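Colleague: I have a few questions about this fold before I go back to the bench. Can we take them one at a time?
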Amino acid sequence: MHELFLLQSLSRFYEDSSCQTENAKKVNCIIHLGPSSVTNTVDYQNWMKSFGTTQHIMAGHENKNMEVPILKGSARISSRLNFVCPQLFPSSGFWPVEPANGIDLEKNKSTSFQACESVAAANLLKFRLRPYAQLGLDRASIPSLFSYEEIVDELISEIPEIKEVPEQISKFWQSSVDQKNALAPAGKHMLMVEEPWISKDSCLPDILDEQGNLAKFQDDSSLRESVWRKRPKGNSETPCCVENATREDMEITFLGTGSSQPSKYRNVSSIYINLFARGGMLLDCGEGTLGQLKRRFGVSGADEAVKNLRCIWISHIHADHHTGLARVLALRSKLLNGVPHKPLLVIGPKQLLRFLNAYSTLEDLDMQFLDCRQTLKPSVEELLGDNATESATTQLENTMFAPGSRMENYNKKPSSPKDTTALANLKEVLHESGLEILYSVPVVHCAQAFGVVLRAKEKVSSAGKAIPGWKVVYSGDTRPCPALVDASRDATVLIHEATFEDSMKDEAIARNHSTTKEAIAVGTSAGAYRIILTHFSQRYPKIPVFDEEDMHKTCIAFDLMSVNLADLPVLPKVLPHLKLLFKDEMVVEESDEVLEAVV
């Protein structure tokens, strides 16, 4: 601050300067970006006064500005979803209940009696310089402020029947609790029966390999056959890890559920895996990820989430999956400055390292990089088994594309040498996160595109019974492929991209993406307990097109949606009620807001 006061280059703008000459100039407007903890001090206020009648606009980190969502349309839809289903859409961080970042409003008021005259910045506030007759502030374009209560009142006036929906949805959770309480001691479970919508004659699509043949598993059975194969009768319909889950085990928060570029209602890909006391992880980190963390958890909550990250995993090099990474890494480095800590492990395709190295010349990213090809299942199993041999090295060769894809032979570059330090860090990350394993799966999209599997360690119940850990699989961007189906076997949650609606299968094939029905078929084939669809084309700005008959174990992801492990049993029941919220917008063409291109 004092260096600012002593700048000689500003002296000719001071009204009371002793160097008043013909070079003296008057300043019409000064915009102050400093936080109120600086700008409200006596010294700063006196410095502002030295400019005379200049118009001062305070555009810093004022607490009241944090209470006003910048993206009004996004804030409206998030608030509406929160009203309908607060269990999956908790109150957003942009409606703070207390001052953020340690701002003390009473302390700020103590200096206001000597403050220089100023105005607070607002969205779309203007200061006109020309024509001179209109010199000064222009507030005509400032949007009217709004509150959560006003958004809810507006919703009820538009859709009166929506008023009863929150109570109807809350009954699902109460019913789930009642069923848990009714379970017999010692974990007796219901027998699994074949779901009525899954049969040999079901309309689930064939999943073809890259040669156009019906994809096969290792036992030579097709994906279609596996769809209707019954599970062993000893299996429970609800996995043990879900039946015995606490709300502090794991929660999935979707920070971005759109593809290609951000739209008004869906940001690009990013998923936050909250492991609570054991930290958290990010799966993909598209642009705006940090902003979404702040919208979901508030400013201080987002800072805590970033500080406690154990690992960031990136699926492939397309910009909508990684351009928010540097911002998150830089913030973490700043937050932990002076605190003993280790560099954050970043797992991604090799091309990503070049981008990170270039950016690190501008800011300290404080990270350690590990190539996805070094985290394939054989390599990670070898690492965790402490059998250090060269056997897994060969697994890193020729994995530029998914095995068997038509692109596999186009690029057979040798893999990178093993980074033993990063691998050791991965082992430590798994231990601290309570994970049994994390490994990457080559998928069919672009060069070095991967999915990922996370499996938690088993835990012991109060009765001394071993409970298998949960398993989460994330597809990244991909066509349906046998490798991902195999990796998703008996997953607790499969998060699968569903970029296109079913009628656009040709375009999905051309762009190496999946349709809604194909994504569901992958999860059903693999026996996944729940399927959550994401990465929707921005041509579906609010809710994608889907066939309700396919949604019995499936849910659609929305931005800022949080799915707790304990809530999985009721997840598919919520979607029909959410449809009421978008009853007039199931297919919307918002040409002024939606970009049709899909990368």
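Modeller: Start with E501. This is a predicted model, and in it E501 is buried, with a relative accessible area of 19%.

Colleague: Where does E501 lie, and which residues is E501 in contact with beyond its neighbours within four places in sequence?
Modeller: E501 sits in the loop between β17 (493-497) and α17 (505-510). P544 is 43 residues away in sequence, yet the C-alpha atoms are 7.4 Å apart. Setting aside neighbours within four places, the contacts of E501 are T515, T516, Y540 and V545.

Colleague: What is the strand order of the seven-stranded open sheet?
Modeller: The pairing in this sheet is mixed. β11 (367-371) and β20 (561-564) are the edge strands; each has a single partner, so one side of each has no neighbour in the sheet. On average, neighbouring strands are turned by 20° against each other, direction ignored. The order is β11-β10-β9-β8-β7-β6-β20.

Colleague: In β7, which residue is the bridge partner of E251?
Modeller: β6 covers residues 251-256 and β7 covers residues 270-274. The two strands pair in the antiparallel sense, over five bridges. The partner of E251 is N274.

Colleague: Which helix packs on the sheet and touches β6, β7, β8, β9 and β20?
Modeller: Its direction makes about 130° with that of β6. A separate helix, α13 (residues 350-359), lies across β10 (344-348) and β11, at about 155° to β11. The helix you want spans residues 289-307: α11.

Colleague: How many residues of β12 are buried?
Modeller: β12 runs from 435 to 442 and is mostly covered. Seven bridges join β12 to β13 (residues 450-456), and the two run antiparallel. One of the bridged pairs is P442 with F450. Of the eight residues in β12, the buried number is seven.

Colleague: D567 and R247 form a salt bridge; how many residues apart in sequence are the parts this pair ties together?
Modeller: The closest N and O atoms are 2.8 Å apart. D567 is buried at 3% relative accessibility, whereas R247 is partly exposed at 39%. D567 is in the loop between β20 and α19 (571-581), and R247 is in the loop between α10 (240-243) and β6, so the parts tied together are separated in sequence by 320 residues.

Colleague: Which residue meets R310 in a salt bridge?
Modeller: R310 is in strand β9, and its partner is in helix α15 (residues 420-433), so the pair links parts 122 residues apart in sequence. R310 is partly exposed, at 26% relative accessibility. The N to O distance is 3.3 Å, and the partner is E432.

Colleague: Is E518 buried or exposed?
Modeller: E518 forms a salt bridge with K505, with the closest N and O atoms 3.9 Å apart. E518 is in helix α18 (residues 516-526) and K505 in helix α17, so the pair ties parts 13 residues apart in sequence. K505 is partly exposed, at 30%. With a relative accessible area of 2%, E518 is buried.

Colleague: Which residues make the nonpolar surface patch of about 310 Å²?
Modeller: One member lies in the loop between β4 (126-128) and β5 (136-138): L129. At 44% relative accessibility, L129 counts as partly exposed. The patch is made by L129, Y132 and L135.

Colleague: What share of the protein chain's residues count as buried?
Modeller: The chain has 19 helices and 20 strands. Its accessible surface comes to about 27,900 Å², with 53% of that belonging to carbon and sulfur atoms. Of its 599 residues, the buried share is 51%.

Key:
Residues numbered from 1 in each chain as written. Predicted model: local features only at pLDDT ≥ 70, side-chain atom pairs only at ≥ 80, totals over all residues. Heavy atoms only, no water. Pairing = 2+ DSSP bridges. Axes fitted to C-alpha atoms, helices over the stretch in contact; angles between N-to-C directions. Contact = heavy atoms within 4.5 Å. Patch = residues over 30% accessible without salt bridge, like charges linked within 9 Å, V, L, I, M, F, W, Y side chains within 5 Å. Areas by Shrake-Rupley, 256 points an atom, 1.4 Å probe, with all protein chains shown as cover. Salt bridge = Lys/Arg side-chain N within 4 Å of Asp/Glu carboxyl O. Buried < 20%, exposed > 50% of the residue type's maximum accessible area, 1.4 Å probe, protein only.
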